[in-house]
Amino acid sequence: MENYHIEKLISEQEINEKVVSLAKQITKDYNSEEVVLVGTLKGSIIFLGNIMPLIDNDNLIVDFISASSYGSGTMSSGDVHILKDLDNSIEGKNVLIIEDLIDTGNTISYIYNMLKARKPKTIKLCSLLDKPSRRIHKELKIDYLGFTIEDYFVVGYGMDFAERYRNLPYIGKVIFDEENNK
Ligand code: IMP
Ligand code: MG
């Protein structure tokens, strides 16, 4: 069995400050126009839960989508499956996808293209983290971004390692002990 430990990468305070500034920008940009926040389950739940009440807009609606990208280990494949679709139509609406982390871009690019085909009025992307070093989908534009990180496997603030550590209040990086022996 592999041994690992978790090191803090981004503190609760740093995250909270970033979330406040992203929410301010989103409030300003949508200017009380109707917007559907689409949370990507399960990784974005804490981000969504924290940013949502900071967005000042009486026409804000929330919906969820869940996708899984089958692959081995910690690398996603392009083979994306929708596990739970949106509850409501987004045709003619402003859609803002709330994502936890964009790595290869396989998952979000699949979701983005699928939602775009439903003819929303606008569609934008908000991600707490960006790991650009492994990006396959170079065309992806992140409209609202929290932090760019290096190629670490991260956990916490909604993100998991084999379904664990989503409850950590900060973002940590997983250090595999074998890496230390190299
Ligand atoms: P992508 O399809 O490679 O862009 O990966 C997308 C999803 O895989 C992210 O939205 C995360 O939910 C998950 N993921 C990617 N990298 C990490 C990581 O370092 N920690 C935890 N989850 C990750
Ligand atoms: Mg995700």
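The legends below describe close-up views of a predicted model, covering the surroundings of ligand 1 and two sheets.

**View 1. Residues that surround ligand 1 in the predicted model.** The shell around ligand 1 holds 15 residues, of which Thr 104, Gly 105, Thr 107, Lys 131 and Val 154 come nearest. Sorted by class, this shell is made up of 5 nonpolar, 5 polar and 5 charged residues. Strand 5 (94-102) and helix 3 (106-116) are elements that each supply at least two residues of the shell, and strand 5 provides the largest share, with 4 residues.

**View 2. Polar contacts of ligand 1 with Gly 105, Asn 106 and Thr 107.** An oxygen atom of ligand 1 lies 2.7 Å from a backbone N or O atom of Gly 105, and an oxygen atom of the ligand is 3.5 Å from a backbone N or O atom of Asn 106. At Thr 107 the contact is made by the side chain, where an N or O atom is 2.5 Å from an oxygen atom of ligand 1. On its own, ligand 1 has 490 Å² of accessible area, and the protein covers 87% of it.

**View 3. The open sheet of 6 strands.** The strands of this sheet follow the order 4-3-2-5-6-7, and their pairing is mixed. Strand 4 (80-84) and strand 7 (144-148) stand at the edges with a single partner strand each, so one side of each has no neighbour in the sheet. From one strand to the next, the twist averages 30°.

**View 4. The pairing of strand 6 with strand 7, and helix 1 lying across the sheet strands.** Strand 6 (residues 122-130) pairs with strand 7 in the parallel sense, over 4 bridges, and Leu 145 in strand 7 is the residue that stands opposite Ser 127. Helix 1 (residues 12-30) lies across strand 2 (35-41), strand 5, strand 6 and strand 7, and helix 1 runs at about 160° to strand 7.

**View 5. The open sheet of 3 strands.** Here the strand order is 1-9-8, and the pairing is antiparallel. Strand 1 (4-10) and strand 8 (154-155) are the edge strands, each pairing on one side only. Strand 8 and strand 9 (residues 171-176) are joined in the antiparallel sense by 2 bridges, and Gly 172 in strand 9 is the bridge partner of Val 155. Val 154, which belongs to strand 8 (154-155), is also among the residues that come nearest to ligand 1.

Terms used: Residues are numbered from 1 along each chain as its sequence is written. Chains are lettered from A and ligands numbered from 1 in the order in which they are written. This is a predicted model: local features need pLDDT of at least 70, side-chain atom pairs count only at pLDDT 80 or more; totals for chains, interfaces and linings use all residues. Side-chain values use heavy atoms; hydrogens and water are left out. A residue is near a molecule or strand if one of its heavy atoms lies within 4 Å of it. A polar contact is a pair of N or O atoms within 3.5 Å; within protein, one must be able to donate a hydrogen and the other to accept it, and residues adjacent in sequence count only if both atoms are side-chain atoms. Accessible areas come from the Shrake-Rupley method with a 1.4 Å probe; for residues, only the protein chains shown count as cover. Ala, Val, Leu, Ile, Met, Phe, Trp, Tyr, Cys and Pro count as nonpolar, Asp, Glu, Lys and Arg as charged, and the others, Gly among them, as polar. Two strands pair if DSSP finds at least two bridges between them. Axes are lines fitted to C-alpha atoms, for helices over the stretch in contact, and angles run from 0 to 180 degrees between N-to-C directions. Contact means heavy atoms within 4.5 Å.
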